[in-house]
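Q: Please zoom in on one part of this protein for me and tell me how it sits against the rest of the chain. I'd like the neighbours, the contacts and how covered the residues are.

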Amino acid sequence: MMCPYSKTADGFETHLGVNHLGHFLLTHLLLGQLKESAPARVVNLSSVVHLAGKIRFHDLQGEKSYNRGFAYCHSKLANVLFTRELAKRLQGKSRERARVKTAKAGASVQIRGSQKLLKSGCQ
């Protein structure tokens, strides 16, 4: 995305809100149904740029210092950390088993027998 500084309607920095918090909330809201539907699958889209990310708890909203490239990296790191923690929390719960994966942007993903290319962009 790498958009100029802006905030979502809920007041979050755009990259963090759009790339991470929305997916986090959706997963949280669906987690009960995912557990009941086991085996279930959660796929979060991330990017290799997560390696350049750093969670800056003292400035999550980018109000003190903002760089749109780094904001994107931070949001993708948040995806990876969330996905790893979710997998860890669901591991070993036989009734609640869910597969959790992080896919790289631009990766070719098999969905119900048809191949789709995952892309993202700034609106």
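A: Let's start with a word we'll need: a residue is buried when its relative accessible area is under 20%, exposed when it is over 50%, and partly exposed in between (1.4 Å probe, protein chains only). You're looking at a predicted model, where local features need pLDDT of at least 70 and side-chain atom pairs count only at pLDDT 80 or more, while totals for chains, interfaces and linings use all residues. Residue numbers run from 1 along each chain as its sequence is written, and side-chain values use heavy atoms, with hydrogens and water left out.

The part I'd pick is the loop between E1 and H2, and glutamine 61 is one of its residues. To place that loop: the protein has 2 helices and 4 strands (DSSP runs numbered from the N terminus, with at least four residues of H or I for a helix and at least two of E for a strand). Read from the N terminus, they come in the order α-β-α-β-β-β. E1 is a strand covering 40-46, and helix H2 takes in residues 68-90. Of the 123 residues in the protein, 31% are buried.

Now walk along three residues of the loop. Glutamine 61 is buried, at 18% relative accessibility. The C-alpha of glutamine 61 lies 6.2 Å from that of phenylalanine 12, even though the two are 49 residues apart along the chain. Glycine 62 sits in the loop between E1 and H2 too, and with a relative accessible area of 8% glycine 62 is also buried. From glycine 62 to leucine 16 the C-alpha distance is 9.7 Å, across 46 residues of sequence. Then comes glutamate 63, which is exposed at 54% relative accessible area.

What does glutamate 63 hold on to with its salt bridge? Its partner is lysine 7, with the closest N and O atoms 2.6 Å apart; a salt bridge here is a side-chain nitrogen of Lys or Arg within 4 Å of a carboxyl oxygen of Asp or Glu. Glutamate 63 belongs to the loop between E1 and H2 and lysine 7 to the segment before H1, so this pair ties together parts that are 56 residues apart in sequence. Lysine 7 itself is partly exposed, at 40%.

That segment before H1 also holds tyrosine 5, which is partly exposed at 34% relative accessibility. Tyrosine 5 and tyrosine 66 have C-alpha atoms 7.2 Å apart, with their positions 61 residues apart along the chain. H1, for reference, spans residues 14-36.

Next, the second largest pocket. (On a 1 Å grid over the protein atoms alone, a cavity is a set of points where a 1.4 Å probe fits but cannot get out; a pocket is an open set with protein on both sides within 12 Å along at least five of seven lines, and lining residues have an atom within 4 Å of a point.) Its volume is about 310 Å³, counted as the space filled by probe spheres set on grid points joined across faces, edges and corners. The lining has 19 residues, and Lys54, Arg56, Asp59, Leu60 and His74 are the ones nearest the centre. Helix H2 gives the most to that lining, with 6 residues. By class the lining splits into 9 nonpolar, 6 polar and 4 charged residues (nonpolar: Ala, Val, Leu, Ile, Met, Phe, Trp, Tyr, Cys and Pro; charged: Asp, Glu, Lys and Arg; polar: the others, Gly among them).

Two of those residues near the pocket centre, Arg56 and Asp59, pair up with each other: their side chains form a salt bridge, 3.4 Å from N to O. Aspartate 59 is buried, at 6% relative accessible area, whereas arginine 56 is partly exposed at 22%.

The total for the model is 4 salt bridges. Over in helix H2, lysine 88 and glutamate 85 make one of them, at 3.8 Å from N to O. They are 3 residues apart in that helix, so about one helical turn separates them. Lysine 88 is exposed, with a relative accessible area of 57%, and glutamate 85 is partly exposed at 30%. Arg89 joins in as well: Glu85, Lys88 and Arg89 are linked in a network of salt bridges.
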